[in-house]
Amino acid sequence: MSIIKLTIARSSTLTIFVILLVLVLIFLSCKPPVEVSELDSRTNSLNKSIMCPICPGESIDQSQNELAGHMRRIVREQIEGGKTDSEVREYFVERYGPVVLLEPSTSGIGLIAWIVPPAGLLIAGCSVAIALILMKRRRSEEVVDDTLSHNDRVRYYKVLEERGISEDDLPGREV
Amino acid sequence: MVEIGQISLVAAFILVVYVTIVGFAGGVLNGRDLVASARWGFYSVVPLLLIATSALIYAFVNNDFSVAYVAENSNLAMPRIYAWVAFYSGNAGSLLYIAVAFSIMASICLKVITKKLPYTAPYALGVMSMVLLFFLAVILFLANPLEKLTVTPADGQGINPLLIHFGMFIHPPFQMLGLISVALPYSVAVGALLAGRGGRDEWVDQGRMWGMVSWLILTVGLLLGSWWAYTILGWGGYWAWDPVENSALMPWLAMTAFVHSIMVQKRRGMFRMWNMVLVIISFTMAQLGMFINRGGPVPSVHSFAESTMGWIFLAVMGLTLFVSLVIFVIRYDTLKSRGRLESMISRESAFLAQNILFLLIAFVTLWGTVFPIFSEAVDETTMTVGQPFFNKVNGPLMLLLILLMGVAPLLPWRRATGKSLARMLRIPVVSGLSVAAIVLIAGISQPWAVASFAICGVAVSGVLQEWGRGTFSRHRRGEGWPRAFLNLLNANRPRYGGYIVHLAIIMLGVGITASSFYSVQRDVVMQPGDTETLGKYTFKYIGVNEESFSDRLEETAEFKVWSGDKYIGYMYPYRAFYPEFRIAATRGAINSSPMEDFYLVPSEFGEDDQAVFRALINPMIWWMWASGPILVFGTLVALVPRRRSKNVQLRLTSLTARVGDQNQSSVLGAED
């Protein structure tokens, strides 16, 4: 019995790994064998972070407006001229104001934009923890208790395991 | 014809006023005749609105420019088939579309819940008719698509040229339908709450069902929208975290949380209040989406139905939220949980964590969308919050969600022991780590990409493990392999259909990861006859063809393309200029394969035949579009109810009473 179980466990694990291997091979193909020059990749990422001032919400990378094309050329020329990324951004901010950057700055009021999401994560995490603790503490007379004793539970899961059945495949609770 | 449409609109409005009052009265007074009268009233609204819709489409087809809306959104040059698109391409028409589509869906929903939830149905009917009432009131008093002009112009202004695309026949209708269909689970839930039956879990099945219907429509709408952006907006991307895109994503996120957490109530009688809150949030987000779409405060590429009436939508959203919360507080006592959380490590707590993550992403999206208004108000600095911000903040949160999606279904309900946890998570964790190791060795070094692929690996192997385990145990009991697998799927459709959806989401995740981190693009200046290369692709610019139409000037570039030594064929990216709108629409030419898309799009056509093109290699985008049908299939599997005979409805207690009995096989085998 245990040998059979072991073989089944092994072959199922094997299947999973074979499928995963195929998947990984697919993942690997995602990197096209293209050498992107540093100039190109810097230009592209800068283009994606600068907004086209007359086409709401679109980056100059995205927009087909003439102005966007013009700005793309400026970005390229400036990088070729040896400017750093932040200098290029600064150049556009001087002309169009901070609105031209698609990502808020990490200083001044823009900082608030960045602080709120992690703060939200923290608050959310804490509230889940508190909610779970409260739900766990709820006194059992407040609820109809259909929970099992420890021994019963151990036996219950044992039976499920022996039969290879997931608890979810059993009929649900009826109201 | 237009006059008949007008009259039916007025009739529909009066009828809905009647239905709202009588529906609620019937619920409160428990009057069966009142309720029946209201219900049939609601059903009759459908033909009336269909008449109004037909009148408008008829006007479009016949170029009746005496109707203001037709004159604004169509012209003689527009192909007639686009009458359907023109119908909802402006503000007034899209409102009529929403009203008629909602009345049909709500009627079907009403018919079902009248049978299943007789006590809740009158209140749900009341809520639905209030939603419809709002739209009809706006249509009649503020934006009537059938309004006539005093002077009939010779020609109309024409349809927005960006809408002339095959995807426009289905994407906007799906998106609008998706947003409004959130009102269905909302009506069922609030109806149950009003009826004082929120605590009885009888509404759960219907709430889940309509929640999933709405989720499905929203999902398809989002996928179609991305596809449209990818093929027509012509920059090689599909999602830009634009305010309108965000406003469609937010209700989807909340709805996804809802369709999951409702399962906890179904199974364990817990999360009763939480589910109500989720459904209220979903509906609020959907209303917010309509507000942002209709002349909202943030500019966007997608706001075709712009108008000045956004603020009415905002006010009604606030009112709905307020009233919903008041009802919630009044009925608070009926929502006490039946079950008790037994352990911090259990399916229940995983569901809660998942819910919170979804809401957090929705919140961050909302925050980024409204931050420009915030910064303007506080500091008088106008700021833009765009793609880089959302990618950096929401990206990691979404990865966390996919990880949870892989692990959570493996956790048992109630309580996980250390041993069972180790057994269930062994394969997924090993798989995840090995995927990470292999892709690292193979030279994928972007940390986020590695993490994402590893997490997708965890999630896939989790699903495969579940399928494998169930199939093996059935096979051992004498079923053939394919049969064992199909029976497994059939035995618990919500669960295994859900897994199919999870696989589709993983495909989506893989596509998004690969295309965001490993897309390559290059802008090239070319003369006819020039040949350029990008990666393995070689493309030769033959020349440009100019063609003049009544409404546009089309410049179609002709390319010959090779992949390595293999000749692929011609590609024709083009750019159309619409002088009346002063809009240029570019359409990329795409050579798509599961591995990668080769994408060519014109940026500028200059003088003396010189032109600028953008060439992109977008890896694995195909997987995103391919995930769509799988996702729809999975959702349908999960949605179709299964008839259950009475004798297999077992309580956990009765099951354990027999544990150890000789009879146990019949107990545990009862589900087969």
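Here are three short exercises on salt bridges in this predicted model.

**Exercise 1.** Find out how many salt bridges the whole structure holds, and decide whether E94(A) is buried or exposed.

*Solution.* Start with the total: a search over all chains gives 15 salt bridges. Next, look at one of them, where the side chains of E94(A) and R95(A) meet with N to O at 4.0 Å. Now check the surface. E94(A) has a relative accessible area of 59%, and exposed means over 50%, so E94(A) is exposed. Its partner R95(A), at 47%, is partly exposed.

**Exercise 2.** Work out which parts of chain B are tied together by K266(B) and D205(B).

*Solution.* First, confirm the contact: the closest N and O atoms of K266(B) and D205(B) are 2.7 Å apart, in a salt bridge. Then place each residue: K266(B) sits in helix α10 (residues 243-268) and D205(B) in helix α9 (residues 203-232), so the pair ties together parts 61 residues apart in sequence. Finally, compare with the surface: K266(B) is partly exposed at 29% relative accessibility, and D205(B) is partly exposed at 40%.

**Exercise 3.** Determine which strands are linked by D523(B) and R614(B), then say whether R614(B) is buried or exposed.

*Solution.* Begin with the bridge itself, in which the side chains of D523(B) and R614(B) meet at 2.9 Å, N to O. D523(B) belongs to strand β1 (residues 520-526) of chain B and R614(B) to strand β10 (residues 611-619), and the two residues are 91 residues apart. For accessibility, R614(B) has just 3%; buried means under 20%, so R614(B) is buried. D523(B), at 36%, is partly exposed. One last step: D61(A) joins D523(B) and R614(B) in a network of salt bridges.

Notes:
Residues are numbered from 1 along each chain as its sequence is written. Chains are lettered from A and ligands numbered from 1 in the order in which they are written. This is a predicted model: local features need pLDDT of at least 70, side-chain atom pairs count only at pLDDT 80 or more; totals for chains, interfaces and linings use all residues. Side-chain values use heavy atoms; hydrogens and water are left out. Buried means under 20% relative accessible area, exposed over 50%, partly exposed in between (1.4 Å probe, protein chains only). Helices (H or I, at least four residues) and strands (E, at least two) are DSSP runs, numbered from the N terminus.
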